[in-house]
Amino acid sequence: MDDSHYMKLALKQAEKALALGEVPIGALIVCDGKIIGRGYNRRNTDHTTLAHAEITAIRKACRKLGDWRLEGCTLYCTLEPCPMCAGALVQSRIDRVVIGAGSPKSGCAGTLLNILQNPDFNHQAEITSGVLQKECTEILQRFFKDLRRRNKEEKMRKRAAADQS
């Protein structure tokens with residue numbers, strides 16, 4: 001299996017987040033050619049900032065392996081990890097991170113910072129970026145375009161209701 005295959009599966013996780021009305025981000029962890037952890041964004045659904053796709057995938061992979069160390073594993077994520085997730089990836093000792101789309105507002109795998117390859121930490125991960133970038137970017141753009149439309153419609157409804165009072 002190649003990186004594109006696994007990124008397509010991470011995109012399926014992102015679709016699950018989209019179905020919940022969450023920002024569509026998906027992740028999965030592969031070890032020895034087997035998927036050992038999956039996750040998708042559930043921050044609003046679970047009412048916790050910790051419910052990022054990567055954190056869920058890490059938790060499931062650790063449970064599957066019976067260890068907090070994910071050496072020899074690769075994480076596939078549709079969006080570049082944020083500071084929290086990048087830190088968790090370093091702490092988990094994951095070997096490789098494959099990213100679909102970059103994150104100009106919170107990316108910590110090279111965009112704003114590069115936590116994953118900071119030589120001051122005791123572990124660094126190999127990074128591969130831009131795998132299925134178009135598809136990973138498109139699902140996010142579609143979500144935010146729809147969110148802006150819904151917010152505008154809600155604002156107009158409130159304004160109309162206020163005008164009628």
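Asp 32 is exposed, at a relative accessible area of 72%. Since the cut-off for exposed is over 50%, that value puts Asp 32 in the exposed class. Asp 32 sits in the loop between β1, residues 26–31, and β2, residues 34–40. Its phi is near 50 degrees, which is a positive value in a residue other than glycine. Most residues other than glycine have a negative phi. I should say now that this is a predicted model.

There are further cases of positive phi. His 47, again not a glycine, has a positive phi of about 55 degrees. His 47 lies in the loop between α2, residues 43–46, and α3. How exposed is His 47? The relative accessible area of His 47 is 71%, so His 47 counts as exposed. Then there is Arg 93, just after α4, with a positive phi of about 65 degrees.

Now the overall picture. The protein has five helices and five strands. Reading along the sequence, the order is α-β-β-α-α-β-α-β-β-α. The C-alpha trace spans about 65 × 30 × 30 Å along its principal axes. The protein has 165 residues, and 45% of them count as buried. Take the contacts between residues at least 6 apart in sequence: 57% of those join residues at least 24 apart.

Next, helix α3, where I have three residues to show. Ala 57 is in this helix. Is Ala 57 buried or exposed? The relative accessible area of Ala 57 is 0%, and the cut-off for buried is under 20%, so Ala 57 is buried. Setting aside neighbours within four places in sequence, Ala 57 is in contact with Ala 27, Leu 28 and Ile 29, and also with Gly 37, Arg 38 and Gly 39. For a distance across the chain, take Ala 57 and Ile 94: they are 37 residues apart along the chain, and their C-alpha atoms are separated by 12 Å.

Thr 56 is in helix α3 too. Thr 56 has 10% relative accessibility and therefore counts as buried. With neighbours within four places in sequence left aside, Thr 56 is in contact with Arg 38 and Gly 39. Arg 38 and Gly 39 are also among the contacts of Ala 57.

The third residue of α3 is Lys 64. Lys 64 counts as exposed because its relative accessibility is 61%. From Lys 64 to Ala 88 the separation is 24 residues in sequence and 17 Å in space, C-alpha to C-alpha.

Ala 88 takes us to helix α4, residues 83–92, where Ala 88 is one of the buried residues. The others listed as buried in α4 are Cys 85, Ala 86, Leu 89, Val 90 and Ser 92. What covers them? The cover over the buried residues of α4 includes α3, β3 at 73–79 and β4 at 96–101.

Now for helix packing. Helix α1, residues 3–19, packs with α5 at an angle of about 10 degrees, and the two axes are 10 Å apart. Angles under 35 degrees count as roughly parallel, so α1 is roughly parallel to α5. On the α1 side the contact is made by Met 7, Leu 11, Ala 14, Glu 15 and Leu 18. On the α5 side it is made by Glu 135, Cys 136, Ile 139, Arg 142 and Phe 143. How do the residues of this contact divide by class? Seven are nonpolar, none is polar and three are charged. An α-helix has 3.6 residues a turn, so residues three or four places apart point the same way.

Last, the largest pocket. The volume of the largest pocket is about 540 Å³. Its lining has 21 residues, and the closest to the pocket centre are Val 23, Leu 79, Ser 103, Ser 106 and Phe 144. Which elements give two or more residues to the lining? They are α3, residues 53–65, and α5, residues 133–164. Of the elements, α5 gives the most, with five residues. By class, the lining has nine nonpolar, seven polar and five charged residues.

To recap on the helices: α5 packs against α1 at about 10 degrees, and α5 also gives the most to the lining of the largest pocket. Helix α3 holds the buried Ala 57 and is part of what covers the buried residues of α4.

Note on methods:
Residues are numbered from 1 along each chain as its sequence is written. This is a predicted model: local features need pLDDT of at least 70, side-chain atom pairs count only at pLDDT 80 or more; totals for chains, interfaces and linings use all residues. Side-chain values use heavy atoms; hydrogens and water are left out. On a 1 Å grid over the protein atoms alone, a cavity is a set of points where a 1.4 Å probe fits but cannot get out, and a pocket is an open set with protein on both sides within 12 Å along at least five of seven lines; lining residues have an atom within 4 Å of a point. Grid points are joined across faces, edges and corners, and a volume is the space filled by probe spheres set on the points. Helices (H or I, at least four residues) and strands (E, at least two) are DSSP runs, numbered from the N terminus. Ala, Val, Leu, Ile, Met, Phe, Trp, Tyr, Cys and Pro count as nonpolar, Asp, Glu, Lys and Arg as charged, and the others, Gly among them, as polar. Buried means under 20% relative accessible area, exposed over 50%, partly exposed in between (1.4 Å probe, protein chains only). Axes are lines fitted to C-alpha atoms, for helices over the stretch in contact, and angles run from 0 to 180 degrees between N-to-C directions. Angles under 35 degrees count as roughly parallel, over 145 as roughly antiparallel, 65 to 115 as roughly perpendicular and the rest as oblique. Contact means heavy atoms within 4.5 Å.
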